[in-house]
Amino acid sequence: MPGPSRRTLLSLASATPLLRAARATAQAGFPNRPITIVMPVAPGGPGDVLGRPLAQVMSAELGQPVVIDARPGAGGTIGLDYAARQRPDGHTLVIVSNSTYAIAPHLYTMPYDNDTAFAPIALLAGAPSFLCVHRSVPANTVAEFIALARQRPDSITFATAGIGFTSHLATELFMAKTGVSMLHVPYRGGAPASQALLAGEVNMNFMEAALVRSLASTGMIRPLAITSRVRSPLFPDVPTLEEAGVQGFESATYWAMIAPAGTPQPILDRVGGIALAHMRRPETQATVSHAGFIPIAGDAEAFTRHKAADTALWGEIIRTRGIRLSS
């Protein structure tokens, strides 16, 4: 087959500077319209605690409206599939949890390549959760709850944000370490799952601190333990699961910002700089800590390393527990 003609090569050579100039112009003009932050989870959950204040800061810094677009479902992959198909020019960003970037690949047939479809921007924060029960459950400690679950195998119900979310895997880990068996009731997001516990539709839920803080005062739910290795200053009297006798237990939901692959690096750097500066402000750290998060503010490289380690960790739990979407 003959190679490209001299005219074609000259045409391509002349076009290359034009393409570079067009790309530079697009970067220089960013943003030139409203920015959308896709949240692949139900509105009203912990992601909003991080996402909405950050959207306000970005709007002020960039001079354009920044709107949150919640697109839950399928372990977060519906929202990310949508985001992956948007123009990679910085006007579509994503705030996503490890339920989607580290867990969903082990459970779903991915509509996008989890390794290449997105560019990392920042690792924002982590959030341990609390083992919470409805007030009707006759257990005031983890030991009493375990004893109750052993007496009633498969009759104690637990809510989750959906199959494969961290609230689900935390419960699977809990059952594996304690030998109890409970009935899974998945919901479409952390907020609906927490509301189900509040209403007494289910007996138990691993609930993130942002929700525990707002709901515990109702007296309808009771936190028995936290999933981190240290106690929370929000609930200093609530022990860790390890202190409560469940050895080696640790779990958290991590939140990060990403963008469609191909987004120009100067735009990623600009957005990442705003996000990291916001997360590193003492007032932001105080606010998110008060909401039950652990502020991290890690750059793109830190997120990439974390994503690889977390993907391997949850993949092992999914395999050993035989978790499937049909379960």
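This briefing covers an open sheet, a helix pair and one loop residue. The model is predicted. Its sheet has six strands with mixed pairing. Helix H9 (residues 265–280) contacts helix H2 (residues 46–62), and H9 also lies across strands E3, E4, E10 and E11. Gln64 sits in the loop between H2 and E2.

**The sheet**

- The sheet is open, and its strand order is E2-E1-E3-E10-E4-E11.
- E2 and strand E11 (294–298) stand at the edges. Each has a single partner strand, so one side of each is left without a neighbour in the sheet.
- On average, neighbouring strands are turned by 25° against each other, with direction ignored.
- Strands of a sheet pair through backbone hydrogen bonds, in either the parallel or the antiparallel sense.

**Strands E1 and E2**

- Strand E1 (residues 35–39) pairs with strand E2 (residues 66–70) in the parallel sense. Five bridges join E1 and E2.
- Ile35 has Val66 of E2 as its bridge partner.
- Thr36 stands opposite Val67 in E2.
- E1 is mostly covered, with four of its five residues buried.

**Helix H2 against helix H9**

- The axes of H2 and H9 come within 10 Å and cross at roughly 125°. That angle makes H2 oblique to H9, because it falls outside the perpendicular range of 65 to 115 degrees and is not over 145.
- The crossing of H2 past H9 is right-handed.
- H2 contributes Leu50, Pro53, Leu54, Val57, Met58, Glu61 and Leu62 to the contact.
- H9 contributes Arg270, Val271, Ile274, Ala275, His278 and Met279.
- By class, the residues of the H2 contact with H9 are ten nonpolar, one polar and two charged.

**Helix H9 on the strands**

- H9 lies across strand E3 (92–97), strand E4 (118–127), strand E10 (253–260) and E11.
- H9 runs at about 10° to E4.
- In the sheet order, E3, E10, E4 and E11 follow E2 and E1.

**Gln64 in the loop**

- Gln64 belongs to the loop between H2 and E2.
- Is Gln64 buried or exposed? Gln64 has a relative accessible area of 17%. Buried means under 20%, so Gln64 counts as buried.
- Leaving aside residues up to four places away in sequence, Gln64 touches Pro31, Asn32, Arg33, Pro34 and Ser59.

Technical notes: Residues are numbered from 1 along each chain as its sequence is written. This is a predicted model: local features need pLDDT of at least 70, side-chain atom pairs count only at pLDDT 80 or more; totals for chains, interfaces and linings use all residues. Side-chain values use heavy atoms; hydrogens and water are left out. Axes are lines fitted to C-alpha atoms, for helices over the stretch in contact, and angles run from 0 to 180 degrees between N-to-C directions. Helices (H or I, at least four residues) and strands (E, at least two) are DSSP runs, numbered from the N terminus. Angles under 35 degrees count as roughly parallel, over 145 as roughly antiparallel, 65 to 115 as roughly perpendicular and the rest as oblique. A crossing is left-handed if the near helix is turned anticlockwise from the far one by less than a right angle, and right-handed if clockwise. Contact means heavy atoms within 4.5 Å. Ala, Val, Leu, Ile, Met, Phe, Trp, Tyr, Cys and Pro count as nonpolar, Asp, Glu, Lys and Arg as charged, and the others, Gly among them, as polar. Buried means under 20% relative accessible area, exposed over 50%, partly exposed in between (1.4 Å probe, protein chains only). Two strands pair if DSSP finds at least two bridges between them.
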